[in-house]
Amino acid sequence: MNNLKKIGLTALAGSLVAVSANAGTMSVSGSLGATYSSQDGTTGVVATDSGQGFGSDKDFSVSGSGELDNGWSFSGYTLTKDDLTVSSSALSLTMGSMGTISVGHGFGGSSTKYDVQTPTAYEEVDDSGATSLSANFVGSWADNNSLVYNSPSFDMAGQGTVSFDVEYTPEASGTSPNDGGTSSTSIYGTGYSVGVTVESNGVKAGVYGAERSNTQAQVDETSDSFQGVAYVNYSYGPVSLGVSQSYYDSGLNVDAELATATKAVNVAGGIFESKTMSIAYNINDNLSISYAKADDTYDAQHDSATAIEDTDMSFKTLTAAYSMGSMSVKALHTSVDNVGYDSDGGSLDTMEIALGLAF
């Protein structure tokens with residue numbers, strides 16, 4: 001097996017040496033935006049229970065692309081935050097009909113193609129909530145320091161298409177080393193993920209699973225971490241419907257959290273399971289609206305004589321978006337109950353209106 005791997009790598013290295021790159025191109029793009037947001041809640045946290053204000057958004061991206069003599073192409077980008085620090089960056093090599101290999105920082109890996117992928121006019125159901133849906137943490141440790149392969153779409157005898165994504169992370173802590181550096185030491189070892197997407201006659205479905213090893217398993221009785229998510233969307237004319245379900249087990253050996261305690265994914269001991277449903281409607285080419293509902297359950301998985309009740313955190317989000325050329329106006333309203341998976345966590349309502357200009 002090792003010899004076969006060496007032969008394959010040697011052949012790949014040889015093919016890369018045998019080709020050269022044509023002159024590439026560079027471009028700069030970006031967007032400017034302004035927002036008005038307000039929030040009102042009963043969480044007991046003064047900083048989040050009330051507030052309002054105007055904000056601004058400034059995104060700039062520098063990207064480049066080129067082609068090799070053998071027909072393969074390469075591309076890369078760097079996206080900055082409002083303070084001009086790096087938000088995400090990635091380098092990709094597209095090998096013709098053999099698919100694409102990518103590596104990057106903060107670029108989402110494969111998980112962003114699968115987590116909470118239900119139709120929406122603007123943001124996802126939890127984007128303005130006080131706590132993120134556990135589905136958004138599925139495979140998030142591969143956002144950095146990972147090698148991603150995305151296959152092309154394969155035809156299924158004229159009945160649709162299928163594609164798959166494979167991910168490998170040598171040290172799955174979610175940290176991103178600098179050029180020539182190594183990732184920080186953590187309790188986690190290697191991580192792997194596989195995703196499959198099928199599209200046919202208005203239906204799009206995906207399933208994704210991710211696992212990372214725990215190097216301290218024999219010391220502190222923890223286990224490997226496993227997460228997964230699956231979704232099905234259906235579009236008919238201007239209407240789109242979707243459902244998504246996720247599972248997150250951190251494998252941590254820590255005390256189960258009480259129903260009246262605030263929990264954090266990948267910190268609390270137990271299992272998180274979420275279910276999301278949404279509907280979106282394109283009123284015309286410029287205006288669309290959507291409604292989404294999600295329930296996220298914390299299961300303590302406690303085996304002692306003292307039972308610990310499960311806790312549900314729920315989201316309800318209404319969004320709308322209107323575009324006119326390079327300008328867009330978008331709005332959302334989100335209500336969250338049992339904030340932080342805490343039965344005493346109270347509720348929080350947030351509202352946002354955003355004006356965006358792209359260039």
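D165 is buried, at 1% relative accessibility. In this predicted model, the D165 side chain meets that of K113 in a salt bridge, with an N to O distance of 2.8 Å. K113 counts as partly exposed, at 37% relative accessibility. The bridge therefore pairs a buried acid with a partly exposed base. K113 lies in the loop between β5 (100-105) and β6 (147-150), whereas D165 sits in strand β8 (residues 161-169), so the pair ties together parts that are 52 residues apart in sequence.

S110 lies in the loop between β5 and β6. S110 is buried, and its relative accessible area is 0%. Neighbours within four places in sequence aside, S110 is in contact with V148, N150, D165, E167 and Y208. D165 thus appears in two settings: it is a contact of S110, and it is the acid that bridges to K113. N145 also lies in the loop between β5 and β6. N145 counts as buried, at 17% relative accessibility. The phi of N145 is near 55°, a positive value in a residue other than glycine. Most residues other than glycine have a negative phi.

N338 has a positive phi as well, about 55°, and is not a glycine. N338 is placed in the loop between β16 (327-337) and β17 (347-358). At 25% relative accessibility, N338 counts as partly exposed. The cut-off for buried is under 20% relative accessible area. N145, at 17%, therefore counts as buried, while N338, at 25%, counts as partly exposed.

A search of the whole structure finds two salt bridges. One joins K113 and D165. Another joins the side chains of K293 and D295, at 2.9 Å from N to O. K293 is partly exposed, with 27% relative accessibility. D295 is also partly exposed, with a relative accessible area of 31%. In the K293 and D295 pair, then, the base and the acid are both partly exposed. In the K113 and D165 pair, the acid is buried.

Charge also gathers at the surface. E273, E309, D310 and D312 form a negative surface patch. D312, one of these residues, is placed in strand β15 (residues 311-324). D312 counts as partly exposed, at 41% relative accessibility.

A nonpolar patch on the surface is formed by F154, F164, V166, V194, V196, V198 and V207. Together these residues have about 500 Å² of accessible area. Strands β8 and β9 (188-200) each supply at least two residues of the patch. β9 gives the most, with three residues. V196, a member of the patch, lies in strand β9. At 32% relative accessibility, V196 counts as partly exposed. Strand β8 therefore holds the buried D165 and also contributes to the nonpolar patch.

S244 offers a buried site in another strand. S244 is placed in strand β12 (residues 239-249). S244 is buried, with 6% relative accessible area. Its contacts, leaving aside neighbours within four places in sequence, fall into three runs of residue numbers. One run is V116, Q117 and T118. Another is V229, A230 and Y231. The remaining contacts are S274, K275 and T276.

The chain as a whole has three helices and 17 strands. Of its 359 residues, buried residues make up 35%. D165, S110, N145 and S244 are among the buried residues. Contacts between residues at least 6 apart in sequence were also examined, and 56% of them join residues at least 24 apart. The accessible surface of the chain comes to about 18800 Å². Carbon and sulfur atoms account for 57% of that surface.

Notes:
Residues are numbered from 1 along each chain as its sequence is written. This is a predicted model: local features need pLDDT of at least 70, side-chain atom pairs count only at pLDDT 80 or more; totals for chains, interfaces and linings use all residues. Side-chain values use heavy atoms; hydrogens and water are left out. Helices (H or I, at least four residues) and strands (E, at least two) are DSSP runs, numbered from the N terminus. Buried means under 20% relative accessible area, exposed over 50%, partly exposed in between (1.4 Å probe, protein chains only). Contact means heavy atoms within 4.5 Å. Patches are made of residues with over 30% relative accessible area and no salt bridge: like charges are joined within 9 Å, nonpolar side chains (Val, Leu, Ile, Met, Phe, Trp, Tyr) within 5 Å. Accessible areas come from the Shrake-Rupley method with a 1.4 Å probe; for residues, only the protein chains shown count as cover. A salt bridge is a side-chain nitrogen of Lys or Arg within 4 Å of a carboxyl oxygen of Asp or Glu. Lys and Arg count as positive and Asp and Glu as negative; His and the chain ends are not counted. The place of a charge is taken as NZ of Lys, CZ of Arg, CG of Asp or CD of Glu.
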